[in-house]
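Subject: The two-chain model

Hi,

Here is the structure I promised to send over. Have a look at it first, and my notes follow underneath.

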Amino acid sequence: MIKKIIGGETVDVDCTVEIINTFESLEAHVRFNDGTTVAPGDEVLVHGKPIEVPYGEKQQFDRRATIKRAGAVERLWTRATGDFEFMELCEFSFSEERL
Amino acid sequence: MNAHSKVPANGKPIHVEDQNETTKMAHETTLLDPRFYTTDFDKLDKTDVSSVRAEWDVLIEQMKSDPNKGHFKRTEAWDDIDLESLPEGLRKELVDFLVSSLTAEFSGCVLYKEMKRRGSNPDIKELFSYMSRDEARHAGFINDSLKDFGIGVNLGFLTKAKKYTYFRPKFIFYATYLSEKIGYARYITIFRHFEKHPEKRFHPIFKWFQEWCNDEFSHGEAFSLLMRSDPKLLSGHNKLWIKFFLCAVYATMFVRDHARPEFHKAMGIGIEDYDMRVFRITNEITKQCFPLLLDIENPKFLKRLQRMNRLAIAMGKADNQGGIMGRIKKVGIGAAVAANFAGLYFMPTIKNEIPETSRLVPTW
């Protein structure tokens, strides 16, 4: 009950990490094998060594992941404020440092 | 390992690190640090495009045909340039431009793929699969150009703890619509400029911008239809949100572009002139769905943006100064930014009658 409010509940799941690092495509996706979904404010940690895929290759990795569930307060907060991070989707907004 | 420079992405740093100083090529890695998003997937699934079905089907058919499939290839038009000969400032800003573009395309791809994967509405799934495909392709193409600079992407973020943030579906529509359309306007303006001044073209990637930005254009068309399918999104109190997004996106672009003086100087284009051209095109395009337009020709509009840029520079200085004085200054400047933004926000806008049909062709 307390964890539901303040968060910290954790779930371990198997996941598949798919990487395409080719000329045609650069993508990286994490899929939870049992269909578990993440909610606003949750934190996901994929275990294991850092993933590297040489240029020109596509690879899949089977890994374990821990989902740390956000508490009700954090979930509400993320829902209320997340929208304002939309600027990240614009090409000109990413680097903040003045060059 | 020497950290050469830190360029924050999404508010977080991208570390450009030297991995092996004796190796000339691919000796730096750019640690991508994209954000991860989630949304109200149930609500997204309830999207009903039946009121715009005729236009929707035409657009989806066009995306399915994948007109740009063969475009992103290095042909003989890719004239190899001597990157070492670029002045240091320009080289740095060009790399920053490529890295920010790459991160934006990459984040778009992850977001769109997630929407495709978690949705069950067939229209939504199909649309987002095509858009994700395009963004991944763009990211791959930029990634390849970065290799010429000896920079490769580092996927280290995958095994680090990631927080998922949240966008309401309608905010995704407003924000990505604008980002796709303004992206189109930016790329086509650069492309047209270099068409007139080919001697200024300092990197071959700009030659690819024309077809490239047609992808951005058609993604924007899709979001226009999604918004138009639910007229509530374009009326009532949502008009206030649209105005907010317009102000925030235009002001951010203006400030960010001013942080790349060498880039624009090498292009032979004034930053203000370039930005105003982009705003004019974007305003013209957004008439297809937004009920209001910012009055960009009102001299006060440019004054507000110029002030925003001065404040951003002052904020950067206060940040570097650090300490208590730096922090006090930052609070003051933050208040001035908020007041200036409010001034921009409350400027009268131009009312727009949304036309019968949404469809536009990229003729700029």
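Before anything else: this is a predicted model, so I'll start with how confident the predictor is. For the complex, the predictor gives an ipTM of 0.80 and a pTM of 0.87. Chain B averages a pLDDT of 87, and 92% of its residues score at least 70. The part of chain B to treat with care is residues 1–26, where the pLDDT is below 50. That stretch still has 56 contacts in the model beyond near neighbours in sequence.

Chain A averages a pLDDT of 84, with 87% of its residues at 70 or above. Within chain A, strand β4 (residues 57–70) has the highest mean pLDDT of the elements, 94, and helix α1 (residues 2–6) has the lowest, 74. Residues 95–99 of chain A stay under 50, and the model has 17 contacts for them beyond four places in sequence.

Now the interface. On the chain A side 45 residues are in contact with chain B, and on the chain B side 57 residues are in contact with chain A. Several elements of chain A supply at least two residues each to the side that touches chain B: β1 (7–21), β2 (26–32), β3 (43–46) and α2 (72–81). Sorted by class, that side of chain A has 22 nonpolar, 13 charged and 10 polar residues.

What I'd look at next is the sheet, which has strands from both chains. There are 6 strands in an open sheet with mixed pairing, in the order β2(A)-β1(A)-β4(A)-β3(A)-β6(B)-β4(B). β2 of chain A and β4 of chain B are the edge strands; each has a single partner strand, so one side of each is left without a neighbour in the sheet. From one strand to the next, the twist averages 35°.

Where do the two chains join in that sheet? The link is between β3(A) and strand β6 (residues 162–167) of chain B, which run antiparallel and are joined by 2 bridges. To find the spot on screen, look for V44(A) opposite K162(B), and for E43(A), whose bridge partner is K163(B). Going on into chain B, strand β4 (residues 36–39) pairs with β6(B) in the parallel sense over 4 bridges. F36(B) and Y164(B) are bridge partners there.

The rest of my notes are about helix packing in chain B, and there are three pairs to go through.

The pair α10 (residues 299–321) and α11 (residues 323–345) of chain B has axes that come within 8 Å and cross at roughly 165°. That makes α10(B) roughly antiparallel to α11(B), and the crossing is left-handed. Residues of α10(B) in this contact include R304(B), M308(B), L311(B) and M315(B), and among those they meet in α11(B) are K330(B), I333(B), V337(B) and L344(B). By class, this α10(B)–α11(B) contact has 10 nonpolar, 5 polar and 5 charged residues.

Next come α5 (residues 169–196) and α7 (residues 238–258) of chain B, whose axes come within 10 Å and cross at roughly 40°. That makes α5(B) oblique to α7(B), in a right-handed crossing. On the α5(B) side the contact is made by Y174(B), A175(B), L178(B) and I182(B), and on the α7(B) side by W241(B), I242(B), F245(B), V249(B) and M253(B). How do the residues of this contact of α5(B) with α7(B) divide by class? The count is 9 nonpolar, no polar and no charged.

Last, α2 (residues 53–65) and α4 (residues 122–148) of chain B pack at an angle of about 40°, with their axes 10 Å apart. α2(B) is therefore oblique to α4(B), and passes α4(B) in a left-handed crossing. W56(B), I60(B), M63(B) and K64(B) of α2(B) make the contact with D123(B), E126(B), L127(B) and Y130(B) of α4(B). Here the residues of the contact divide into 5 nonpolar, 3 charged and no polar.

That's everything from me for now.

Cheers

Methods: Residues numbered from 1 in each chain as written. Chains lettered and ligands numbered in written order. Predicted model: local features only at pLDDT ≥ 70, side-chain atom pairs only at ≥ 80, totals over all residues. Axes fitted to C-alpha atoms, helices over the stretch in contact; angles between N-to-C directions. Parallel < 35°, antiparallel > 145°, perpendicular 65-115°, else oblique. Left-handed = near helix turned anticlockwise from the far one by under 90°. Contact = placed C-beta atoms within 7 Å. Nonpolar A, V, L, I, M, F, W, Y, C, P; charged D, E, K, R; others polar. Pairing = 2+ DSSP bridges. pLDDT = per-residue confidence, 0-100.
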